[in-house]
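Work through the following exercises with the sequence and the coordinates side by side. Each task is followed by a solution that goes step by step.

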Amino acid sequence: MHATYEKLVVDENSLFHFQEFKQERFTSPFHIHDEFELILVNKSHGKLYVGNQVTNFSDGDVFLFAPDIPHCFHNTKGFELEGELAHAVVVQFKSDFLGEDFFNKTEAYKLKELTGLAKSGILFTNPSKRIIQRIKELGKTNNLQKLGYLLFILSELANTKNYKLLTSGQIIHNISESQNINEVIKYVAENFQREISLAKAAEIANMQKAAFCRYFKRRTKKKFMEFVNETRIAHAQKLLIETDKNILEVAYECGYESSSYFYRIFKKYHNVSPVNYRKQIRNRYE
């Protein structure tokens with residue numbers, strides 16, 4: 001997918017950049033930047049589009065992205081109606097923020113492994129309370145304590161086994177025509193719970209339908225409706241895990257009018273029925 005280049009404006013005398021975002025909903029477009037990016041989602045939920053993949057995000061999730069990974073966080077439509085602000089903590093740093101050879105030193109070999117994995121984008125599942133607390137406290141510290149906190153956080157993340165890689169690491173992006181693809185992503189993210197029109201997506205991209213299909217497949221290595229289904233199935237996973245809604249209700253809430261078709265699509269992506277998926281996940285935590 002195409003991505004907007006985001007130029008980070010920071011104090012050149014600082015080793016890294018810390019920022020908090022509080023807004024009605026996340027508004028950053030599909031973008032890339034030159035820095036590593038560590039993100040704590042303090043309060044929010046929705047869909048994360050990263051490379052050509054889609055996954056859920058929610059309160060307490062921690063992510064690490066290497067430079068040049070296109071991504072955007074998009075709140076599920078209606079999030080702002082819940083009456084709470086979307087809140088994220090973001091830390092950005094250059095690969096050489098502690099010197100060109102830092103990650104090659106013996107003491108930093110685990111961090112080098114971590115930054116290598118970050119080329120695929122990392123979701124840290126169930127991060128410890130002390131990691132989350134240290135990320136939050138970064139904005140309240142100064143000088144060497146601030147640097148010490150960041151190194152502690154990266155060290156803890158480097159040693160955890162609770163993580164998930166989000167892409168293959170082979171991501172295609174092109175800064176040109178970024179506005180078109182951003183608008184298509186927005187259209188899917190805001191409308192996947194109802195009927196999605198290929199003709200409407202092509203219109204948003206300012207293309208003829210056939211040209212849009214070729215363009216989308218060439219850039220993302222998947223058909224447009226595959227992308228729509230991945231967004232819907234990601235939402236279905238969230239509902240199956242977090243709610244007691246029956247399968248028909250889940251299907252309808254994810255934009256499927258037929259429960260049998262929903263069953264078929266879900267099984268295509270997970271090799272298991274929605275019912276058994278729910279059982280497997282819940283048994284894992286009992």
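**Exercise 1.** Which residues are linked with Lys 43 in a network of salt bridges?

Solution. The model is a predicted one, in which local features need pLDDT of at least 70 and side-chain atom pairs count only at pLDDT 80 or more, while totals for chains, interfaces and linings use all residues. Residues are numbered from 1 along each chain as its sequence is written, and side-chain values use heavy atoms, with hydrogens and water left out. A salt bridge is a side-chain nitrogen of Lys or Arg within 4 Å of a carboxyl oxygen of Asp or Glu. The network that holds Lys 43 also includes Asp 59 and Glu 84. By this rule the count comes to eleven salt bridges.

**Exercise 2.** Locate the salt bridge between Glu 35 and Lys 94 in the chain, and state how accessible each partner is.

Solution. The N to O distance of this pair is 3.4 Å. Helices (H or I, at least four residues) and strands (E, at least two) are DSSP runs, numbered from the N terminus. Glu 35 belongs to the loop between β3 (31-32) and β4 (36-43), and Lys 94 to the loop between β9 (86-93) and α1, so the salt bridge ties together parts that are 59 residues apart in sequence. For accessibility, buried means under 20% relative accessible area, exposed over 50% and partly exposed in between, with a 1.4 Å probe and protein chains only. Glu 35, at 5%, is therefore buried, whereas Lys 94, at 37%, is partly exposed.

**Exercise 3.** Set out where the partners of the salt bridges Glu 156 to Arg 130 and Lys 238 to Glu 242 lie.

Solution. In the pair of Glu 156 and Arg 130, the closest N and O atoms are 2.9 Å apart. Because Glu 156 lies in helix α3 and Arg 130 in helix α2 (residues 129-137), the pair ties together parts that are 26 residues apart in sequence. Glu 156 is partly exposed at 21%. Lys 238 and Glu 242 meet at 3.1 Å, N to O, and both lie in helix α7 (residues 224-242), four residues apart, about one turn of the helix. Lys 238 is buried, at 14%.

**Exercise 4.** How do the axes of helix α1 and helix α3 cross?

Solution. The axes, which are lines fitted to C-alpha atoms over the stretch in contact, with angles running from 0 to 180 degrees between N-to-C directions, come within 9 Å and cross at roughly 75° for α1 (residues 109-117) and α3 (residues 143-159). That makes α1 roughly perpendicular to α3, a term for angles of 65 to 115 degrees.

Methods. Parallel < 35°, antiparallel > 145°, perpendicular 65-115°, else oblique.
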